[in-house]
Amino acid sequence: MKKMLLTGSAVGIALAMMTAPVFADEDADLLINGEIEITVRTDAPPHMENVDTIYSGWVFRSTETQALEMDDFENPGMIFVDDAIEAWETVEGTEGKSCADCHGDPDGMAGVRATYPKWNEDAEEVRTIAMQVNGCRTEQMGAEAWKYDGGDMLNMEALLASVSRGIPVNVAIDGPAQSMWEKGKEIYYTRFGQLDLSCANCHEDNYGNYIRADHLSQGQINAFPTYRLKNAQLNGVQSRFKGCIRDTRGETFAVGSEEFIALELYVASRGNGLSVEGPSVRN
């Protein structure tokens, strides 16, 4: 795995960046519950220009953190999956429906998480899985929309991810979704904030290095939502985007904004071929 130093104008970050002893087992393979095989490294998709191999963020975590994800009884994120199963079966809204009334058992949703974000023909827009869940709630159930990246939504995303674990990410970037994908790519390579950093500066140029105490991953999002030991809760993709831009000391976009939808589409496509892995465990 490559070990490169940051180049460019972010002098303060560059001073903090250094190769350090690797405490993660970067050659480990992820098998959940002794039966669900997770692809954590594979050839990069053809549209990636600067990376040959893609890696799940699990590869870069400590062996202790890696172990938490290998057993659902040890994975603290699975508690929220249980909460979502209850919500799945709960009747809400003016139409007197639950998720189960239309979709049956949650296991029937296997593979759905692997394709999002995706173009929605009826709505004529790219939808994240959160947007689609809220679409079902407001349009089919007559229920109130959940807060984007709020607790109820993240629980449901964790449930939908859990039944798709092991299925390869396969996000479409052609057709009507292409313009949003291009917008997301532009954002990914745009430098933000006083530190003048882009997503690529950390997650493409310097993955595998340490910045302060953090072991930088490729920033793949196949494992979201993720339970972070840092804040002891599930964390959503776009909230993580917001935190990253904030860390550049820049003015960030809003969760649910067109910019972050585009960025999510682009970043998700960078993980095409990795397995759906959520709810994952990270630092």
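Asp196 counts as partly exposed, because its relative accessibility is 28%. In this predicted model, Asp196 sits in the loop between H7 and H8. Its phi is near 55°, a positive value in a residue other than glycine. Ala232 also has a phi near 55°, again positive and again not in a glycine. Ala232 belongs to the loop between strand E10 (226-228) and E11. With a relative accessible area of 45%, Ala232 is partly exposed. A positive phi of about 65° occurs at Arg249, just after H9.

Helix H7 covers residues 178-188. Its buried residues are Met180, Trp181, Gly184, Lys185, Ile187 and Tyr188. These residues lie on the same side of H7, because they cover an arc of only 160° around the axis. Ser179 and Glu186 are exposed on the other side of H7. The buried residues of H7 pack against three elements: strand E7 (125-127), helix H8 (199-203) and helix H10 (258-270).

Helix H8 contains Cys202. Cys202 counts as buried because its relative accessibility is 14%, and the cut-off for buried is under 20%. Beyond residues up to four places away in sequence, Cys202 touches Tyr207, Leu216 and Ser217. Gly219 lies 17 residues from Cys202 in sequence. In space, the C-alpha atoms of Cys202 and Gly219 are 8.5 Å apart.

Helix H9 spans residues 237-247. Val237, Gln238, Phe241, Gly243 and Ile245 are buried in this helix. The buried residues of H9 pack against strand E11 (233-235) and H10. H10 is thus a packing partner of buried residues in H7 and in H9.

The loop between H10 and strand E12 (280-282) holds Leu274. Leu274 counts as buried, because its relative accessibility is 0%. Leaving aside neighbours within four places in sequence, Leu274 is in contact with residues from several parts of the chain. Among them are Thr39, Val40, Arg41 and Thr42. Ile54, Tyr55 and Ser56 are also in contact with Leu274. Further partners of Leu274 include Ile167, Pro168 and Val169, as well as Gln220 and Asn222. Ser257 is 17 residues from Leu274 along the chain, and their C-alpha atoms are separated by 26 Å.

Pro279 lies in the loop between H10 and E12. A cis peptide bond joins Gly278 to Pro279, with omega about 0°. Another cis peptide bond, also with omega about 0°, joins Tyr116 and Pro117. Pro117 is in the loop between helix H4 (99-103) and strand E6 (118-120).

For the protein chain as a whole, the secondary structure comes to 10 helices and 12 strands. The C-alpha trace spans about 60 × 40 × 35 Å along its principal axes. A compact globule of 283 residues would have a radius of gyration near 19 Å, and the 18 Å of the protein chain agrees with this. Buried residues make up 52% of the 283 residues. Of the contacts between residues at least 6 apart in sequence, 70% join residues at least 24 apart.

The protein chain exposes about 13000 Å². Carbon and sulfur atoms supply 49% of this area. There are 23 positive and 45 negative side chains in the protein chain. The centres of the two sets lie 8 Å apart.

Technical notes: Residues are numbered from 1 along each chain as its sequence is written. This is a predicted model: local features need pLDDT of at least 70, side-chain atom pairs count only at pLDDT 80 or more; totals for chains, interfaces and linings use all residues. Side-chain values use heavy atoms; hydrogens and water are left out. Helices (H or I, at least four residues) and strands (E, at least two) are DSSP runs, numbered from the N terminus. The radius of gyration is taken over C-alpha atoms; the globule rule is 2.2 Å times the number of residues to the power 0.38. Buried means under 20% relative accessible area, exposed over 50%, partly exposed in between (1.4 Å probe, protein chains only). Contact means heavy atoms within 4.5 Å. Accessible areas come from the Shrake-Rupley method with a 1.4 Å probe; for residues, only the protein chains shown count as cover. Lys and Arg count as positive and Asp and Glu as negative; His and the chain ends are not counted. The place of a charge is taken as NZ of Lys, CZ of Arg, CG of Asp or CD of Glu. The arc is that of the directions from the helix axis to the C-beta atoms.
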